[in-house]
Amino acid sequence: MNMTLRYILAVFGAVITIHYVLSFTHTEYGRATSLSHLTSHFTGVNPVDITPIPDRYFPPFSNDTLSVDRRANATFVILARNSDIDGTVRSIREIEDRFNRRFRYPYVLLNEEPFSDEFKKRVSVLSAAKMEFGTIPKEHWYQPSSIDEGKAEAGRNSMVEQGIIYGGSVSYRNMCRFNSGFFFRHPLMEKYRWYWRIEPDVHFHCDIKFDPFIFMEENNKIYAFTIAMYEFEKTIPTLWGHVKDFIKLHPQYLAKDNAMGFLSETGGDTYNLCHFWSNFEIADMSFWRGEAYTKFFEYLDQQGGFYYERWGDAPVHSIAAALFAPSNQIQFFDQIGYEHNPYTHCPRDENTWKDEKCTCDPKRNFDYDGYSCMSKWDRLL
């Protein structure tokens with residue numbers, strides 16, 4: 001074998017070796033170069049009737065940062081600890097690249113303890129938008145004195161024995177209660193009407209060239225989601241019973257044309273566990289600050305289920321939005337490609353997937369998973 005051929009084979013072998021190393025050590029590289037990813041460009045995605053966003057919500061676009069003439073009274077809100085710095089940086093960098101470099105909406109970052117100088121320094125360089133860092137009041141975060149700690153501890157121990165995720169965590173319960181009833185009351189949030197919740201280590205897979213806040217404001221929406229799924233029943237065994245009790249006490253809060261059909265196949269007698277996954281949500285805080293939700297949260301908080309069980313903010317928010325607002329005020333944003341490990345929403349509309357330069361694989365869209373509740377939402381609409 002001559003030297004030239006040996007050289008070519010050696011280079012080829014090196015390239016193949018590097019490819020396989022990257023495939024196994026870098027998830028996104030592996031997805032991007034997989035055969036299923038490459039063939040997905042030709043096979044397409046299942047056709048579905050997705051309401052398009054009208055052109056008027058898209059400002060002129062170029063690769064440069066844009067100044068837009070109009071913005072909503074809105075902010076991003078991020079709940080993070082100092083130890084979440086790397087994941088927070090990644091999330092902000094992605095939402096900036098995919099959306100906010102054009103719109104420059106501000107950020108509010110909240111922590112149960114003061115943010116470190118290092119955290120604020122690393123985050124502040126990521127955007128030209130205003131960033132504010134706040135500490136959560138102790139009365140909004142820690143387990144209230146009204147909770148019977150013996151009963152709460154017994155509940156936690158039972159969940160640990162059953163292997164329920166975060167079953168033994170008090171801090172996780174603090175977070176769920178805070179997100180359910182207090183984040184929109186924080187002094188840094190009070191001046192805003194709209195928020196977009198972002199968590200550390202999430203991914204935005206597609207360009208977002210329209211303004212979701214303005215779209216929701218002009219179309220009378222109060223809540224938007226990208227992923228819907230079933231809750232783990234063992235974390236909320238008594239929640240629906242308390243919801244029914246609240247409705248009996250306050251039937252005036254039930255909205256006409258509500259989305260009860262998304263939550264129950266029995267007209268409200270039983271709960272099917274469906275909810276909007278709240279680690280992504282865009283919503284109108286006027287709704288959370290209104291009378292119906294305020295009374296609802298206070299009632300649930302008095303029952304102690306955030307600590308005696310493990311009630312999450314996702315079912316609490318979802319049930320309230322579905323019952324106390326008409327279903328046409330809840331918005332599913334197919335156009336926003338979003339991932340919170342292990343679940344991904346990838347746009348179903350193929351033109352959106354192409355035009356917005358999406359990095360997600362349409363075949364991995366959680367909408368079609370058996371654990372997804374999107375089929376129930378589609379049927380409701």
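Reader: Hi! Before I dive in, what does "buried" mean here?
Author: Hello! Buried means under 20% relative accessible area. Keep in mind that this is a predicted model.

Reader: Great. So is T75 buried or exposed?
Author: T75 is buried, because its relative accessibility is 0%, and the cut-off is under 20%.

Reader: Where does T75 sit?
Author: T75 belongs to strand β1, which covers residues 74-79.

Reader: And which residues does T75 touch, leaving out those up to four places away in sequence?
Author: Its partners are P106, Y107, V108, M189, Y192, W194, Y195, W196 and F213.

Reader: Nice. Switching topic, how many residues are in helix α13?
Author: There are 13, running from 291 to 303. From first C-alpha to last, α13 reaches 19 Å, close to the expected 18 Å.

Reader: Which α13 residues are buried?
Author: A292, Y293, F296, F297, Y299, L300 and D301.

Reader: What covers them?
Author: The cover includes the helices α8 (170-181), α10 (239-249), α12 (285-289), α14 (305-308) and α15 (313-324).

Reader: And what comes just after α13?
Author: That is G304, with a positive phi of about 80°.

Reader: Let's zoom out. How many helices and strands are in the protein?
Author: The protein has 17 helices and 12 strands. Of its 381 residues, 52% are buried.

Reader: What about contacts along the chain?
Author: Among contacts with a separation of 6 or more, 80% link residues 24 or more positions apart.

Reader: Last one: how much surface does the protein expose?
Author: About 17,900 Å², with carbon and sulfur atoms supplying 53% of that area.

Conventions: Residues numbered from 1 in each chain as written. Predicted model: local features only at pLDDT ≥ 70, side-chain atom pairs only at ≥ 80, totals over all residues. Heavy atoms only, no water. Helix = DSSP H or I, 4+ residues; strand = E, 2+ residues; numbered from the N terminus. Buried < 20%, exposed > 50% of the residue type's maximum accessible area, 1.4 Å probe, protein only. Contact = heavy atoms within 4.5 Å. Expected span 1.5 Å × (residues − 1). Areas by Shrake-Rupley, 256 points an atom, 1.4 Å probe, with all protein chains shown as cover.
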